[in-house]
Amino acid sequence: MVQRVAVIGAGVGGLASVKCCLDEGLEPTCFERSEDIGGLWRYTDSRDGGRVSVYRSVITNTSKEMSCFSDFPCPEDFPSFLPHSLLLEYFRMYAQHFDLLRHIRFKTTALSVRKRPDFATSGQWEVVTETSGIQESHIFDAVMVCTGHYQEPYLPLASFPGIDTHFKGQYLHSREYKDVEAFRGKRVLVVGIGNTGGDLSVELSRVAAKVFLSARSSTWVFSRVSNHGFPLDMVRTTRFNHFLDWLLPSALMKRIKFWKCNSWFNHVNYGLASTKSSNFKIIVNEELPFCLLSGTVVLKPNVKEFTESAAVFEDGTTEENIDVVLFATGYIFSFPFLEDSVRSLIDDNRSLYKCIFPPQLEKPTLAIIGLVQLTGSVMVGAEMQARWVTGIFAGGRWLPPTTRMIADVLKKKQPVKRDLSRRENLKMSFISYTDEIASCAGVKPSVLRLLLTDPRLALAVFFGPCTPYQYRLVGRGKWSGAREAILTQWQRTLKPLRTRVVDDSSDGSDGWHWMWLLALPVSLTAGFFLSKYPQRGWTPQAGVQL
């Protein structure tokens with residue numbers, strides 16, 4: 001029976017893991033190498049110490065209602081999309097409310113995590129830590145690794161001939177970027193068009209002499225603001241839309257997605273993407289289209305090579321007098337503290353059972369939390385993982401035999417797409433994956449059962465945003481406030497906007513009543529099919545059900 005659990009890292013995954021351990025009656029000890037909680041969301045000006053943090057201007061891409069802990073809603077006066085300072089404040093509120101800080105040892109680095117000699121029978125681990133130069137050895141019944149996938153910068157210099165031999169300007173990884181001052185008046189080339197590359201290109205365009213953005217793949221640009229001004233993820237990430245993905249042919253769904261993207265602006269005209277694209281890579285950026293339209297950012301193809309002061313692109317064009325090259329090429333993950341025999345089992349999350357457990361271990365007492373990249377909030381996914389894992393550690397849930405776990409891994413393992421970063425290859429459908437882990441944990445809500453017992457709640461769960469509160473309606477960790485949180489989620493979304501009240505005497509309530517009545521048969525049909533034919537599995541990147 002697991003009792004003492006080591007949690008490595010006090011970011012969002014670590015905080016959720018400590019709290020879930022306490023919920024299950026376990027004894028967690030969290031080791032955090034820095035002096036505070038928050039992980040990469042705790043901004044610092046320092047570029048030293050090997051610690052990754054966000055840049056000064058960053059704002060979340062997922063809304064507060066879709067990103068919060070499942071039993072602790074964000075304050076209603078917080079805006080829908082949070083600057084890093086407000087998100088960190090929310091983490092502090094969470095840690096204080098559930099009294100988590102007393103279980104965290106700050107300025108303590110995990111040096112090694114090794115199996116005990118009797119691991120095959122005990123499942124125990126020896127964890128060596130260092131605090132202020134003093135090393136200490138601990139014995140734990142289980143370990144939860146919560147260091148995430150933003151660990152080491154990925155800087156593929158070999159793919160850009162001349163960058164480190166001929167180019168006389170400066171080059172750096174986006175990890176070193178904090179604000180715009182060092183780039184004022186310079187000609188800057190940003191390599192990589194993920195969310196970070198888009199954000200930094202827009203921000204630099206306000207002070208740089210010129211900004212070029214190099215993209216090697218087709219990219220679709222979304223705005224955080226959807227039709228009628230609601231957060232995009234609250235409108236798009238619903239069980240109804242997920243049901244349509246499951247029901248309709250994937251080719252048709254892909255065409256619908258392309259049409260929706262191009263309804264904002266034609267991506268072909270901007271050189272961003274074509275409907276003939278084989279992948280559906282998405283970034284969130286409201287300002288990038290205008291920067292391209294105004295010429296303050298110029299989109300370029302992949303870089304072929306660098307000369308002393310210029311970048312030569314694959315289409316044969318050249319941009320001269322480049323002062324700085326900023327690589328927004330992502331990160332790679334590594335677990336240097338794990339012993340080699342264990343680390344070799346973690347090629348990526350696709351080699352883990354449910355992206356969490358190395359299936360070859362004799363005892364399932366090691367869990368990797370947060371090594372997922374979802375089409376929604378990874379915070380919600382990490383908390384769901386922690387709930388399931390701690391339930392297993394406490395003896396309330398069980399894993400299948402090793403052979404079944406390995407077979408499941410092999411079945412879902414997809415070939416790595418060479419034209420995508422390692423991080424992109426981690427990406428999975430938010431609802432598919434979260435529902436899958438919730439089913440394992442016994443906390444996935446049944447829309448059909450809710451329709452019979454609480455129709456109003458069932459309609460909100462099926463047609464409304466798939467907020468994390470849905471996973472607190474049933475099972476272990478059931479929260480009495482979950483129903484109210486779901487039914488009031490739109491009020492919390494609109495509350496921070498009510499700083500100036502305008503008169504609107506129109507009343508569309510009758511229309512809404514008719515809509516709910518028409519929705520009932522759809523919900524019944526979907527509930528029946530999803531209960532009779534469970535989800536057919538997720539695939540990396542696409543987010544479309546097979």
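In strand S3, the bridge partner of Phe31 is Arg105. I should state at once that we are looking at a predicted model. The pairing between these two residues belongs to a contact between S2 and S3, the latter covering residues 104-105. Two bridges join these strands, and they run parallel.

Phe31 also has a counterpart in strand S1: Ile8 stands opposite Phe31. Here the chain passes from S1 through helix H1, residues 12-23, to S2, and the β-α-β crossover so formed is right-handed. S1 itself spans residues 4-8, and five bridges join S1 to S2, again in parallel.

How many of the five residues of S2 are buried? Four of them are, and S2, which comprises residues 27-31, is accordingly described as mostly covered. As a general point, side chains in a regular strand alternate between the two faces of the sheet.

I turn now to the second largest pocket. Its space amounts to about 470 Å³. The lining consists of 23 residues, and those nearest the centre of the pocket are Val2, Lys363, Pro364, Thr365 and Ile392. Which helices each supply at least two residues of this lining? They are H4, at 119-122, H11, at 378-393, and H12, at 402-412. Sorted by class, the lining holds 13 nonpolar residues, six polar ones and four charged ones.

My last topic is backbone geometry at two positions. Most residues other than glycine have a negative phi. Ser132 has a positive value, with phi near 50°. Ser132 is placed in the loop between strand S5, residues 125-131, and strand S6, residues 134-140.

The second position is Cys355, which is not a glycine either, yet has a positive phi of about 65°. Cys355 is in the loop that lies between helix H10, residues 340-343, and strand S20, residues 366-368.

Are these two residues buried or exposed? Ser132 counts as exposed, because its relative accessibility is 72%, and the cut-off for that class is over 50%. Cys355 counts as buried, because its relative accessibility is 1%, and buried means under 20%.

To close, let me return to the strands with which I began. Phe31 of S2 is opposite Ile8, and in S3 Phe31 is partnered by Arg105. As for the two loop residues, Ser132 is exposed, whereas Cys355 is buried.

Terms used. Residues are numbered from 1 along each chain as its sequence is written. This is a predicted model: local features need pLDDT of at least 70, side-chain atom pairs count only at pLDDT 80 or more; totals for chains, interfaces and linings use all residues. Side-chain values use heavy atoms; hydrogens and water are left out. Buried means under 20% relative accessible area, exposed over 50%, partly exposed in between (1.4 Å probe, protein chains only). Helices (H or I, at least four residues) and strands (E, at least two) are DSSP runs, numbered from the N terminus. Two strands pair if DSSP finds at least two bridges between them. A crossover is right-handed if, with the strands pointing away from the viewer, the path from the first strand over the helix to the second runs clockwise. On a 1 Å grid over the protein atoms alone, a cavity is a set of points where a 1.4 Å probe fits but cannot get out, and a pocket is an open set with protein on both sides within 12 Å along at least five of seven lines; lining residues have an atom within 4 Å of a point. Grid points are joined across faces, edges and corners, and a volume is the space filled by probe spheres set on the points. Ala, Val, Leu, Ile, Met, Phe, Trp, Tyr, Cys and Pro count as nonpolar, Asp, Glu, Lys and Arg as charged, and the others, Gly among them, as polar.
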